[in-house]
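Colleague: Before I use any of these labels in my own notes, I would like to hear the reasoning behind them. Could we go through them one at a time?

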Amino acid sequence: MTEWVKKILALIKAGNASAAVAQIKATTSSKDLRHLQTALEKSPPLPAVQTAITDQLQALASPRLSRSP
């Protein structure tokens with residue numbers, strides 16, 4: 001488990017789900033998101049956090065749009 005995952009879990013345990021969602025939306029590592037998703041399977045469901053993880057995984061999996069020069 002990475003430090004980032006531990007920090008997000010600490011935010012969730014402290015009841016600060018909105019800060020956890022903001023951090024999830026800012027991450028660029030799908031590996032960390034998958035580790036977080038696995039860690040959260042053992043805890044009660046948090047719909048906002050689960051939605052943010054799913055949305056960010058989809059965003060990271062989709063091709064990047066680029067602007068022509």
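Modeller: What follows takes each label in turn and sets its value against the cut-off behind it. Please keep in mind throughout that this is a predicted model.

Colleague: How do you know that the secondary structure of the protein chain is helical?

Modeller: The assignment for the protein chain comes to 4 helices and 0 strands, and from the N terminus on the elements run α-α-α-α. The C-alpha atoms fill a box of roughly 45 × 20 × 20 Å, taken along the principal axes.

Colleague: Why is Gln56 called buried?

Modeller: Buried is reserved for a relative accessible area under 20%, and Gln56 has 12%, so the label applies. Gln56 lies in helix H4, and, with residues up to four places away in sequence not counted, Gln56 touches Ile24, Lys25, Thr27 and Leu33.

Colleague: And why is Ala26 called exposed?

Modeller: For that label the relative accessible area has to be over 50%, and Ala26, at 56%, is therefore exposed. Ala26 is found in helix H2, and its C-alpha atom is separated by 8.5 Å from that of Gln56, although the two residues are 30 apart along the chain.

Colleague: What makes Ala39 buried, with a value of 19%?

Modeller: The cut-off is under 20%, and Ala39 has a relative accessible area of 19%, so it is counted as buried. Ala39 has its place in helix H3, and, leaving out residues up to four places away in sequence, Ala39 touches Met1 and Leu9. Ala39 and Leu9 are 30 residues apart in sequence, while their C-alpha atoms are 8.3 Å apart in space.

Colleague: Why is the pair Lys6 and Glu3 called a salt bridge?

Modeller: The label asks for a side-chain nitrogen of Lys or Arg within 4 Å of a carboxyl oxygen of Asp or Glu; the closest N and O atoms of Lys6 and Glu3 are 3.8 Å apart, so the pair meets that limit. Both residues lie in helix H1, 3 residues apart, which is about one turn of the helix. In general, side chains of opposite charge can pair when their charged atoms come close. A search of the whole structure finds 1 salt bridge, in a protein chain that has 9 positive and 4 negative side chains.

Colleague: Why is Lys6 called partly exposed?

Modeller: Partly exposed covers what lies between the limits of 20% and 50%, and Lys6 has a relative accessible area of 42%, so it belongs to that class.

Colleague: What makes a set of residues a nonpolar core here, and which members touch the most others?

Modeller: The members have to be buried residues of the nonpolar kinds, joined through side-chain atoms within 4.5 Å. The largest such core has 16 residues, and Trp4, Ile8, Ile24, Leu36, Leu40, Val49 and Ile53 touch the most other members. Helices H1 (3-13), H2 (17-26), H3 (30-40) and H4 (47-61) each give two or more residues to this core, and H1 gives the most, with 5 residues. Apart from its neighbours within four places in sequence, Ile24 is in contact with Trp4, Ile8, Leu33, Leu36, Val49, Ala52, Ile53 and Gln56.

Colleague: What share of the protein chain is buried, and what share of the contacts joins residues at least 24 apart?

Modeller: Of the 69 residues in the protein chain, 28% are buried. Among contacts between residues at least 6 apart in sequence, 57% join residues at least 24 apart.

Note on methods. Residues numbered from 1 in each chain as written. Predicted model: local features only at pLDDT ≥ 70, side-chain atom pairs only at ≥ 80, totals over all residues. Heavy atoms only, no water. Buried < 20%, exposed > 50% of the residue type's maximum accessible area, 1.4 Å probe, protein only. Contact = heavy atoms within 4.5 Å. Lys, Arg positive; Asp, Glu negative; His and termini not counted. Charge placed at Lys NZ, Arg CZ, Asp CG, Glu CD.
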